[in-house]
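User: Could you walk me through this model, starting with the ligand and then turning to the charged pairs?

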Amino acid sequence: MKVAVVGKGGSGKTTTSAVVARTLARHGLSVVALDCDSNPNLGISLGVGDEQTERLVAMREALDEGGEEHAPGWDQLLSRFGSDAPDGVRLAVVSRIENPEPG
Ligand SMILES: Nc1ncnc2c1ncn2[C@@H]1O[C@H](COP(=O)(O)OP(=O)(O)OP(=O)(O)O)[C@@H](O)[C@H]1O
Ligand SMILES: [Mg+2]
């Protein structure tokens, strides 16, 4: 299942995303949360803390600036550029996914 949360500025996208992600994880689902926002602060709402959130944002900036090589697949994307969040959610801050594999 893939869930995308979109909406107007300040309408509650980040808060809703974090609550849905953690609730699904608490019910036993394996949850990956991808923050594609231009102002990415899902880490704060998920509860990974300021430091981890800033680390993930800095990694996306390094990717966008060409200072870091893009991961060749989703599993490496999550292991290299992800962070563990409460309730077992895995969080990554991404800009775009090139050549997405099925699933
Ligand atoms: N269901 C809700 N009831 C009341 N307040 C809420 C609710 N959801 C979010 N908020 C509050 O509304 C504000 C905006 O929420 P949030 O940051 O999640 O929105 P956003 O759509 O992600 O904003 P942005 O467009 O800036 O990324 C926050 O102060 C948040 O605490
Ligand atoms: Mg937001």
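Analyst: Happy to! A polar contact is a pair of N or O atoms within 3.5 Å; within protein, one must be able to donate a hydrogen and the other to accept it, and residues adjacent in sequence count only if both atoms are side-chain atoms. This is a predicted model, where local features need pLDDT of at least 70 and side-chain atom pairs count only at pLDDT 80 or more, while totals for chains, interfaces and linings use all residues. Residues are numbered from 1 along each chain as written, chains are lettered from A and ligands numbered from 1 in written order, and side-chain values use heavy atoms, without hydrogens and water.

User: How far is a polar side-chain atom of Thr 14 from an oxygen atom of ligand 1?

Analyst: Gly 10 offers a polar backbone atom 2.9 Å from a ligand 1 oxygen. Thr 15 brings a polar side-chain atom to 2.5 Å from an oxygen of ligand 1. For Thr 14, the side-chain distance is 2.7 Å.

User: Which residues are linked with Asp 87 in a network of salt bridges?

Analyst: A salt bridge is a side-chain nitrogen of Lys or Arg within 4 Å of a carboxyl oxygen of Asp or Glu. Asp 87 pairs with Arg 22 at 2.7 Å between the closest N and O atoms, and its side chain also meets that of Arg 26 at 3.0 Å, N to O. The residues networked with Asp 87 are therefore Arg 22 and Arg 26.

User: Which residue forms a salt bridge with Asp 84?

Analyst: The structure holds 3 salt bridges. In this one, the closest N and O atoms are 2.9 Å apart, and the partner is Arg 90.
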